[in-house]
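Reader: I'd like to go through this one by asking why things get the labels they get. Could you put the structure up first?

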Amino acid sequence: MERKVRVRFAPSPTGALHIGGVRTALYNYLFARQHGGDMLLRIEDTDSTRFVPGAEQYITEALHWLGIEIDEGICVDAPDGKGEHGPYRQSERRGIYNQYVKYLLDNKRAYIAFDTPEELEKKRQEIPNFQYDASTRLQMVNSLTLSEEEVHQRLENGDQFVVRFLVEPNENVTVHDLIRGEVTINSSILDDKVLYKSADDLPTYHLANIVDDHLMEISHVIRGEEWLPSAPLHVLLYRAFGWEDTMPQFAHLPLLLKPDGNGKLSKRDGDRLGFPVFPLEFHNEKDGTISSGYRESGYYPEAVINFLALLGWHNTGDQEMYSMEELIQQFSLDRVSKSGAKFDYEKGKWFNHQYLLRRSDEELAEEFLATGNWKQATGAQSTLHYPQSTIAKIIGLVKERVNFVSELWEQVDFFFVAPKEFDEKSLKKRWKEDSHARLTEMLSLLEAQEDWSAEALDALILPWIEKNEYGLGNVMNAFRICLVGAARGPHIWSITDILGKEETLARVRYALSVLK
RNA sequence: GGUGCUUUCGUCUAGUGGCCUAGGACAACGGCCUCUCACGCCGUAAACCCGGGUUCGACUCCCGGUAGCACUACCA
């Protein structure tokens, strides 16, 4: 019988959602949508000491911004979870886990251990490569070595304890991974993992994960490669519960690596190399840090999605641009790479550039206006002196030069603010001995000009330059400096067209008054 | 240290035994266009980790090694 596809993204709320986590969520989402299945979001908050306020809301907002929709569990439109398998926050599922811990204990698949963290630490220092497993558990303080009375006594006293999984040694455990094929390890290398801690009456990841995935009827576990080594342990847990026949299929994704050097991508790399590692800006209330986000850096969500999708997955062929719809159609786990992908921030910018180019001039003009960064330079006036259609035209002139909307202002500033100072380098290279004389002559020609269209100006100025053999570049570059303040910007007649006769002439007059 | 995973241009990757003189994209470099700066177009440089095998033939399959990464917590 074909099981309904149900996948989950299960982050722990310990801070902002890492970009690698975003990719994991994306792949889960693509897989779910492609198979007409469900995408769940579960919060794995079983470590009360690492909880960060606001992290959970951050996660749901980030996924929402990116267009990764949640069908069940915690999400923006249902902060406490929606669906039939709740609650979806593990801290709210204590009672459920306790039953299963008891089941394991009753069936001798787990045992109670009283060793304190200090005692364990001491052991690790005394014995190299100490591992709490079949070879050592009989020398430790637990329900296997203590008498029944003493265990009871300690529990009565309220001694802190943990429940450990009893791993049978020397058994080969095979995990069938959808990306990597069969992975086999020997159970002897596994330790007796802590499943439950009395200190906060909460299970650890391993137990909560298995119980929840089973209860929530998860069909496929798609997660990061860092979980591959513990996957056999998870298989053993499914067996211990007698759930092996409904065990989900596993797919372990390659990791996102640092752009330079080695190791996996971390928050530090973003700070160090100057790019965001998080989808949204995050203000960490716990440690007071602020982390930059893709959204605030001016990225379009579809660019982030496209970029991330291709970091670890690639279809046959040369297609680079993928919409979410295309990804849903074409994504497949067997085309996910096996090796880690170095994070190439430059390519991310290029993707944003591509999506920016797909926007209409009008849309871009609105986005440009919304950034408000023109305000500081124009003295915080509430409106610009151009109608919106002209602003769209201006944006259209320069959009192919930028990767982000936020970079637009530096390309168009001179349209809004007349240059008062002139770029040194441009002057040195383009303002010649005869520039003042040429521009003075040109000014009188322009003053007499009625028709201000690009064609008319072209027909007026070019023959004049040619007749006098002034040199096209010579005159035009000087003219450009008068209008722009530097040797940059779009075609000169597009500039005069936007500026209009009056402003153009005013700028030339001003330039002639300060430049020699 | 132990266990596991991985290994094609600087980076992301295509490639599933002959289509490979190894393709695309980002980045780099050069040229064209041109009144500037860009864009665009054209082009250049750039890779099969090493060693064995299997085969008529290996980037592709097998084995060994190197290297990288992950895990090895009362964190996930």
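Reader: What makes strand 7 and strand 8 a hairpin, and how many residues lie between them?

Author: Three residues lie between strand 7 and strand 8 in that hairpin. The two strands, residues 172-177 and 181-186, run antiparallel. One caveat up front: this is a predicted model.

Reader: How do you know that strand 7 and strand 8 pair?

Author: Pairing takes at least two bridges between two strands. Strand 7 and strand 8 have six bridges, so they count as paired. To pick out one position, Val-175 has Val-183 of strand 8 as its bridge partner.

Reader: And what makes strand 3 and strand 4 a pair?

Author: The cut-off is at least two bridges, and strand 3 (residues 72-75) is joined to strand 4 (residues 78-82) by two, so they pair. They run antiparallel and form a hairpin with two residues between them. Cys-75 is bridged to Ala-78 in strand 4.

Reader: Why are strand 5 and strand 10 said to stand at the edges of their sheet?

Author: The sheet is open, with four strands in the order 5-6-9-10 and antiparallel pairing. Strand 5 (110-113) and strand 10 (202-203) each have a single partner strand, so one side of each has no neighbour in the sheet. As for strand 10's own pairing, two bridges join it to strand 9, antiparallel again, and Lys-197 stands opposite Leu-202 of strand 10.

Reader: Why are helix 1 and helix 9 called roughly perpendicular?

Author: Angles of 65 to 115 degrees count as roughly perpendicular. Helix 1 (residues 19-34) and helix 9 (residues 301-309) pack at about 85°, with axes 10 Å apart, and therefore the label fits. Val-22, Arg-23 and Leu-26 of helix 1 make the contact with Ile-305, Leu-308 and Ala-309 of helix 9. By class, that contact has five nonpolar residues, no polar ones and one charged.

Reader: What makes helix 19 and helix 20 roughly perpendicular?

Author: Their axes cross at roughly 80° and come within 8 Å. With the window at 65 to 115 degrees, the two helices are therefore roughly perpendicular. The residues of helix 19 (472-484) in this contact include Met-476, Phe-479 and Leu-483, while those of helix 20 (492-514) include Ile-495, Leu-499 and Val-508. Ten of the contact residues are nonpolar, one is polar and two are charged.

Reader: What makes a residue count as near RNA strand B, and which ones come nearest?

Author: The C-beta atom, placed from the backbone, has to lie within 6 Å of the RNA. There are 63 residues around RNA strand B, and Glu-44, Asn-262, Ser-339, Arg-401 and Ala-487 come nearest. The surface near the RNA splits into 22 nonpolar, 20 polar and 21 charged residues.

Reader: Which element supplies the largest share of that surface near RNA strand B?

Author: Helix 19, with five residues. Among the elements that supply at least two residues each are helix 4 (117-126), strand 8, strand 9, helix 11 (345-357) and helix 20.

Reader: Last one: which domains is chain A divided into?

Author: Domain 1 covers 6-75 + 255-309, domain 2 covers 93-253, domain 3 covers 360-412 and domain 4 covers 424-514. The centres of domain 1 and domain 4, taken over C-alpha atoms, are 52 Å apart.

Terms used. Residues are numbered from 1 along each chain as its sequence is written. Chains are lettered from A and ligands numbered from 1 in the order in which they are written. This is a predicted model: local features need pLDDT of at least 70, side-chain atom pairs count only at pLDDT 80 or more; totals for chains, interfaces and linings use all residues. Domain bounds come from an automatic or database domain assignment. Axes are lines fitted to C-alpha atoms, for helices over the stretch in contact, and angles run from 0 to 180 degrees between N-to-C directions. Angles under 35 degrees count as roughly parallel, over 145 as roughly antiparallel, 65 to 115 as roughly perpendicular and the rest as oblique. Two residues are in contact if their C-beta atoms, placed from the backbone, lie within 7 Å. Ala, Val, Leu, Ile, Met, Phe, Trp, Tyr, Cys and Pro count as nonpolar, Asp, Glu, Lys and Arg as charged, and the others, Gly among them, as polar.
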